[in-house]
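Me: I would like to learn how to read the features of a structural model in turn, with the general idea stated before the particular case. Please start from the enclosed spaces.

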Amino acid sequence: MKTAVFMKTALFALFCLAILPAHAQQKKSVTPPPARKPPAPPTGATPMLYDGHPDLQGVWVLSGSPNLPSDPAFTPAAKKLYDERKATKGKDDPESICLPDGLVRMTPLPYKIVQSPKMVVLLSEGNTHSYRRFFLDGRPHNLDLDPNTYTGDSTGKWDGNTLVVDTIGFNDKTWLDATGKPHSEDLHVVERYHRPDLGHLNIQYTLEDKTSFTKPYTFERTFTLAPGWELQEYVCQAILDGVIKP
């Protein structure tokens, strides 16, 4: 008898969860763990691989703010959306419900690069443990299977000692940074990876988006090497008010 009552109670709870109105399912983000403080970057010359290209491999930590250094030249519609997001103080931030950050948005947690002659892989410790692949074998973009993704479709090539990565095929669900800067599915990103010495990695980003920007937007980020580090497990949690407790 007690078992039957328990089962009925559990089924009723699941039914209530399914019919909760949207306002009762307002999400909350869990405060992420504090970022580890990286050691001082080592000094020395840029390491090279046997194929003659710079070795970009290692665990890298972003220096400075993860937000964009300024606002792109938004179209009126994109500016309106950006202002709305700022007015609501990030209420609908996709990161707060553990959706992928996308390509442009960064976290202060480490990133790892794994490199081979035909492909470079970028792994993220934070957010959703997402990854990106840069194909270096000369293949064209392929959007047939999944034309609009969080991180897009990336191809790469070497321009001297700089790795140039071209990415298209985005959805419009991500923010460019934590302040809510928007973009559309027309976003096109070109990244230029350059390792000037042993302890630093510079990435220049050029963003084009005919729907959201009136002109291209370019900025640069610097990362420092964290010798001896490996990516750690990070679990992203979203809490629904009154339903799921941490």
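Me: How many nonpolar, polar and charged residues does the lining of the largest cavity have?

Reply: In this sorting Ala, Val, Leu, Ile, Met, Phe, Trp, Tyr, Cys and Pro count as nonpolar, Asp, Glu, Lys and Arg as charged, and the others, Gly among them, as polar. The lining of the largest cavity then has 8 nonpolar, 7 polar and 4 charged residues. The model is a predicted one, in which local features need pLDDT of at least 70 and side-chain atom pairs count only at pLDDT 80 or more, while totals for chains, interfaces and linings use all residues. Residues are numbered from 1 along each chain as its sequence is written, and side-chain values use heavy atoms, with hydrogens and water left out.

Me: Where does the largest cavity lie among the residues and elements?

Reply: On a 1 Å grid over the protein atoms alone, a cavity is a set of points where a 1.4 Å probe fits but cannot get out, a pocket is an open set with protein on both sides within 12 Å along at least five of seven lines, and lining residues have an atom within 4 Å of a point. Grid points are joined across faces, edges and corners, and a volume is the space filled by probe spheres set on the points. The structure holds 3 cavities of 30 Å³ or more, and the largest encloses about 160 Å³. Of its 19 lining residues, Gly102, Tyr111, Ser124, Ser130 and Arg132 are closest to the centre. The elements that give two or more residues to this lining are β4 (119-124), β5 and β8 (188-197), with β4 giving the most, 3 residues.

Me: Which residues lie nearest the centre of the largest pocket, and which strand gives the most to its lining?

Reply: The largest pocket has a volume of about 510 Å³ and is lined by 17 residues, of which Arg133, Thr149, Thr151, Gly152 and Asp153 lie nearest its centre. Both β5 (131-135) and β6 (153-159) supply at least two residues of this lining, and β5 gives the most, with 4 residues. By class, the lining has 6 nonpolar, 6 polar and 5 charged residues.

Me: What is the order of the elements from the N terminus on?

Reply: Helices (H or I, at least four residues) and strands (E, at least two) are DSSP runs, numbered from the N terminus. The protein comes to 2 helices and 11 strands, in the order α-β-β-α-β-β-β-β-β-β-β-β-β.

Me: Which residues does the disulfide join, and what is the handedness of the link?

Reply: A disulfide is a pair of cysteine sulfur atoms within 2.5 Å. A search of the whole structure finds 1, joining Cys98 to Cys236 with an S to S distance of 2.2 Å, and its -95 degrees about the S-S bond makes the link left-handed. Cys98 lies in the loop between α2 (76-87) and β3 (111-115) and Cys236 in the loop between β10 (217-225) and β11 (238-240), so the pair ties together parts that are 138 residues apart in sequence.

Me: Are Cys98 and Cys236 buried or exposed?

Reply: Buried means under 20% relative accessible area and exposed over 50%, with partly exposed in between (1.4 Å probe, protein chains only). Cys98 is buried at 19%, whereas Cys236 is partly exposed at 24%.

Me: What is the phi of Cys98, and what is that of Lys89?

Reply: Most residues other than glycine have a negative phi. Cys98, although not a glycine, has a positive phi of about 65 degrees. Phi of Lys89 is also positive, near 55 degrees; Lys89 is placed in the loop between α2 and β3 and is exposed, at 75% relative accessibility.

Me: Which residues do Ala78 and Glu125 touch?

Reply: A contact means heavy atoms within 4.5 Å. Not counting residues up to four places away in sequence, Ala78 touches Pro182 and Ser212. Ala78 is found in helix α2 and is buried at 6% relative accessibility; Ala78 and Ser212 are 134 residues apart in sequence but 5.2 Å apart in space, C-alpha to C-alpha. Glu125, in the loop between β4 and β5, is buried with a relative accessible area of 5%, and its contacts, with the same exclusion, are Arg36, Leu109, Pro110, Glu230, Leu231, Gln232 and Tyr234.

Me: Where does pLDDT stay under 50?

Reply: pLDDT is the predictor's confidence in each residue, from 0 to 100. The protein averages 86, and 82% of the residues score at least 70, but pLDDT stays under 50 over residues 1-30 and over residues 242-246. Where pLDDT is low, the predicted coordinates should not be read in detail.
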